[in-house]
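Work through the exercises below with the model open beside you. Try each task before reading its solution.

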Amino acid sequence: GAPARPAADARPTTVDAARFLTQATFGIRSTDEIETLRTDGYERWLWTQFSTPAALHTSYLDAQKRREKNRKATDEMSYEAVWQQWLGGGDQLRARVAFALGQIVVISNIAPDIRPYAMSSYMDLLNRNAFGNYRTLLKEVTLHPAMGYYLNMIESEKDDEERGIHPNENYAREVLQLFSIGLVQLNA
């Protein structure tokens, strides 16, 4: 069966702390992290994570674009911003949750070609909403320009039977199929 839930004031064992950090972060960077969790407990660790400011990927682009001759941000810089948060950021739980959300409310810079600031701004949106509610996340995702561009909502028009125009339903289909209940409602 499932392991018993520890008492609220119980301190995790070394093994439990390591397992928890492996699941809640992108990897344990030192044994000090394990000992801190053992000393402070789960609840304090979680509250520390909740109160740690979100990494700003767009700020990383602002700082890094100076290294380019044309002073423009590159796709590589957007990737670097993600890796900087994952490997060195103090907001590890937020990074893991934002990563998971990014697997559900997906955009891509491959097709179509989404620019670095749009990608990084979208990652900032996921970080900002990692500990919020899904309704707010979905609203912000819906209104984000990168999502509009990715799911080709640009120039989508209202239904006009006389002119034979129909709105682009690509985003609505993705909300139904991927971002929410899926194709079939379970246990109807």
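## Setting the scene

The protein chain has ten helices and zero strands; helices (H or I, at least four residues) and strands (E, at least two) are DSSP runs, numbered from the N terminus. The model is predicted: local features need pLDDT of at least 70, side-chain atom pairs count only at pLDDT 80 or more, and totals for chains, interfaces and linings use all residues. Residues are numbered from 1 along each chain as its sequence is written, and side-chain values use heavy atoms, leaving out hydrogens and water.

## Exercise 1: the faces of a helix

Find the buried residues of helix α1 and say how they are arranged around its axis.

**Solution.**
- Step 1. Take residues 14–24, which form α1. Buried means under 20% relative accessible area, exposed over 50%, partly exposed in between (1.4 Å probe, protein chains only).
- Step 2. The buried ones are A17, A18, F20, L21 and A24. Viewed down the axis of α1, they fall within an arc of 165 degrees, so they line one face of the helix. The arc is that of the directions from the helix axis to the C-beta atoms.
- Step 3. Turn to the face pointing away from the buried side: V15 and R19 are exposed there.
- Step 4. Look for the packing partners. The buried residues of α1 pack against α2 (31–40), α3 (42–51) and α6 (92–104).

## Exercise 2: the cores

Which helix supplies the largest share of the largest nonpolar core?

**Solution.**
- Step 1. Define the core: buried Ala, Val, Leu, Ile, Met, Phe, Trp, Tyr and Cys residues joined through side-chain atoms within 4.5 Å.
- Step 2. The largest one holds 22 residues; I107, Y122, L126, V141, M147, Y171 and F179 touch the most other members.
- Step 3. At least two residues come from each of α5 (75–88), α6, α7 (116–128), α8 (134–143), α9 (145–150) and α10 (170–179). The largest share, five residues, is from α7.
- Step 4. Apart from this core lies another, of nine residues, including F20, L21, A24 and I34.

## Exercise 3: one aromatic residue

List the residues that F179 touches, not counting those up to four places away in sequence.

**Solution.**
- Step 1. Apply the contact rule: heavy atoms within 4.5 Å.
- Step 2. Read off the partners of F179: I104, V105, V106, Y134, L138, M147, Y171 and E174.

## Exercise 4: burial overall

What percentage of the 188 residues in the protein chain is buried?

**Solution.**
- Step 1. Count over the whole protein chain: buried residues make up 35%.
- Step 2. Compare one residue of α5, W83. W83 is partly exposed, at 48% relative accessible area.
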